[in-house]
Amino acid sequence: MSVDHYENFPVASILLPGRLRPAVEAIYAFARSADDLADEGEATPEQRLADLNAYEAELARIDAGADSDEPMFARLAATIRRHELPIKPFYELLSAFKQDVLVSRYQTYDALLDYCSRSANPVGYLMLHLYGAADEENVRDADAICTALQLINFLQDVAVDLHKERIYIPLEDLNRYAISPAALDHPSARPRWRSMMKFEVERARALMLSGAPLALRLKGRIGFELRMVVQGGLHILDAIEAAEYDVFLHRPKLGKRDWLRIFWAAVRMKKQMRLMYGLA
C-alpha cells in the first residue's frame, strides 16, 4: 500500500510478514485519514477540529471496549485487541493533527521535535509493538528514525507547505541565517538559504544515523524493511544536496532507479555503516 500524498516511503510493503499487513493497513488508514482531515480539502478550522474530535470519541469507544459502526474504526478496534496495542499513540497522533489546524509556524527546533514526537514517533512505537520488540533501546532508536523521516519530509516539501501558508523550518534557524519567512523562495535569499539547508540536512542525517542501528538489530524481513526506509530517507537528503538545496524547483521524488539503489544500499548497510559511521 503506497503512500500517495507527500511521503516517499512505503507502507505495508511485501517485505512485511503477511500476518502483520492487515494491522499495518488499519493503523495507516486511521493515521492517513485523520491527517487528511487536518490538511486536505476546503473545510474550515472549526470543522476540521470537530471531525478530529469525532475520531477521538471513536478512540474512547474502543478504549472502553465498545463496538463501532464505522468500518475503519471496527478494523482498528480489532487490530488493537488482537495485537494488544496501546491506545495512547493514537491519541497522540490526533493531538498532532489538531495542532496542524492551529499552528503553522514553529519558533524553535525543540518545539518542532515536540510536534514530531506526536505526529511521527507513535507510528514507530506501534510498529515495534506489532513486532514484539518495544524495549527501551528499540523505542529510542525508532523515535530517532521517525522524527528524522518527518524532518526530511519537511525539507523536501518546503514549497508544498509554503503554498499552504505553513513553515516547518524553525524560525530560529531562519533568523540565524537572516532569511525572512515572507521571502523563503526569493532569489536574493538563495545563498543564505543554501547555507541554512545544508545545516538542516546534516542535522536530519545525523538523527537518522543515530537510530539506524535498530534496522540492524531487527531480524528478517522486518529489519530489511526498516533498512529500506532508513536508506530511502538518506537518499532524499542526498537528492536535496545534489539539487544544491533548491527544493523549490527540484523537489526530490523517488523513482524506480532510486529504489534499486536504495535496495542495494540496504543490502550493504551493515558493512557500510560500520566502515563509514562507526556503527555496529
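**Group meeting: starting from Arg190**

Okay, let's start with one residue: setting aside its neighbours within four places in sequence, Arg190 touches Asp185, Asp246 and Phe248. Before I go on, a reminder that this is a predicted model.

So where does Arg190 sit? You'll find Arg190 in helix α10, which covers residues 190–211. And which residue offers its backbone oxygen to the Arg190 side chain? That's Asp185, whose backbone oxygen is 2.9 Å from a polar atom of that side chain. So Asp185 turns up twice, in the contact list and in this polar pairing.

Now let's zoom out. How many helices and strands does the chain have? There are 14 helices and 0 strands, and if you walk along the sequence you just read α-α-α-α-α-α-α-α-α-α-α-α-α-α.

What about overall dimensions? The C-alpha trace spans about 60 × 50 × 35 Å along its principal axes. For 280 residues, a compact globule would come out with a radius of gyration near 19 Å, and the chain has 19 Å, so the two agree.

Moving on to the inside: 51% of the 280 residues count as buried. Looking at contacts with a separation of 6 or more, 73% come from residues 24 or more positions apart.

And the outside? The chain exposes about 13,500 Å², with carbon and sulfur atoms supplying 54% of that.

Last thing, charges. The chain carries 35 positive and 40 negative charges, and the mean positions of those two sets lie 8 Å apart.

That's my tour, thanks everyone.

Technical notes: Residues are numbered from 1 along each chain as its sequence is written. This is a predicted model: local features need pLDDT of at least 70, side-chain atom pairs count only at pLDDT 80 or more; totals for chains, interfaces and linings use all residues. Side-chain values use heavy atoms; hydrogens and water are left out. Helices (H or I, at least four residues) and strands (E, at least two) are DSSP runs, numbered from the N terminus. The radius of gyration is taken over C-alpha atoms; the globule rule is 2.2 Å times the number of residues to the power 0.38. Buried means under 20% relative accessible area, exposed over 50%, partly exposed in between (1.4 Å probe, protein chains only). Contact means heavy atoms within 4.5 Å. Accessible areas come from the Shrake-Rupley method with a 1.4 Å probe; for residues, only the protein chains shown count as cover. Lys and Arg count as positive and Asp and Glu as negative; His and the chain ends are not counted. The place of a charge is taken as NZ of Lys, CZ of Arg, CG of Asp or CD of Glu. A polar contact is a pair of N or O atoms within 3.5 Å; within protein, one must be able to donate a hydrogen and the other to accept it, and residues adjacent in sequence count only if both atoms are side-chain atoms.
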